[in-house]
Amino acid sequence: MAIDGPAASGKSSTAQWVAGQLGFRHVDSGALYRAATGAAIRTGVPSAEWTPDFVLEQAQRVALEPRQTSFAPRIDGADVTEEIRGPAVTGCVALVAQMPMIRSWVNARVRDVATHFDVVVDGRDMGTAVFPDADLKVFLVADPWERARRRLVQRLGRRPTDDEIADETELLVRRDAADATQTVQARDAILVDTTALTQTEQVDRIVALARAALRTLREGVDGGS
Ligand code: C5P
């Protein structure tokens with residue numbers, strides 16, 4: 001199952017919940033781009049000097065450790081879940097994500113995991129570039145102001161001011177522009193606009209879609225036997 005959409009559309013948290021409810025594992029493709037970026041940062045070489053070959057070499061230090069319902073990104077064996085969410089990685093990840101060699105590396109890692117486990121994969125192009133035959137494709141969208149507000153509530157743990165939301169909205173819209181080429185809605189993806197949905201409604205809706213897709217698959221198998 002593939003869940004795609006722009007930054008802060010709630011893909012990762014939704015994918016995590018949905019995977020838990022279905023007994024699948026969540027794979028966060030963005031975490032692989034972030035971990036490759038983190039590995040390059042750890043070398044101390046300034047980002048202006050990074051070549052695709054250099055970043056790909058650093059990416060070899062990245063591994064995904066299977067957990068019960070997800071995979072933890074590791075660099076040189078260390079858990080980097082927190083480190084890769086920091087501003088240093090967020091500031092450089094778009095540069096790395098534009099390198100075709102790194103996109104191929106991420107896509108190969110994600111495909112490899114999906115051959116061994118039932119997965120919910122989230123990203124920008126999972127339903128197009130990586131799993132064109134996914135059993136279910138969802139494309140999540142939400143109004144930029146609402147995405148910024150949710151992100152700030154999560155980060156600050158309180159109600160943000162309008163000025164704070166406006167600043168964050170501007171950053172998000174800039175990130176959307178930087179990621180625009182690789183953010184692609186598959187023609188057969190189901191568009192879910194979460195602007196007016198709570199987290200629970202959003203998850204319930206996607207779990208219902210996933211169960212419907214699984215029923216259709218089973219009927220196909222039974223019908224064919
Ligand atoms: O999803 P997240 O914001 O953690 O992704 C980090 C960055 O990785 C994105 O801003 C984007 O540049 C890149 N990315 C991508 N394709 C994906 C997932 C993430 O280009 N499938």
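This is a short chat about the ligand site and one pocket of a predicted model.

User: Anything to know before I start?
Analyst: The model is predicted, so local features need pLDDT of at least 70, side-chain atom pairs count only at pLDDT 80 or more, and totals for chains, interfaces and linings use all residues. Residues are numbered from 1 along each chain as its sequence is written, and side-chain values use heavy atoms, with hydrogens and water left out.

User: How many residues surround the ligand?
Analyst: There are 17, counting a residue if one of its heavy atoms lies within 4 Å of the ligand. The closest are Arg-34, Arg-103, Arg-175, Asp-179 and Gln-182.

User: What is the distance from the ligand to the side chain of Arg-175?
Analyst: A polar side-chain atom of Arg-175 is 2.6 Å from a ligand oxygen. For the side chain of Gln-182, an N or O atom is 2.9 Å from an oxygen of the ligand. A polar contact here is a pair of N or O atoms within 3.5 Å.

User: Why does the ligand lie between the two domains?
Analyst: Because domain 1 (1-24 + 119-225) and domain 2 (30-117) both give residues to the shell around the ligand. The domain bounds come from an automatic or database domain assignment.

User: Switching topic, which residues lie nearest the centre of the second largest pocket?
Analyst: Met-1, Phe-24, Asp-118, Val-119 and Asp-135, out of 19 lining residues. A pocket is an open set of points on a 1 Å grid over the protein atoms alone, where a 1.4 Å probe fits, with protein on both sides within 12 Å along at least five of seven lines; lining residues have an atom within 4 Å of a point.

Technical notes
A polar contact is a pair of N or O atoms within 3.5 Å; within protein, one must be able to donate a hydrogen and the other to accept it, and residues adjacent in sequence count only if both atoms are side-chain atoms.
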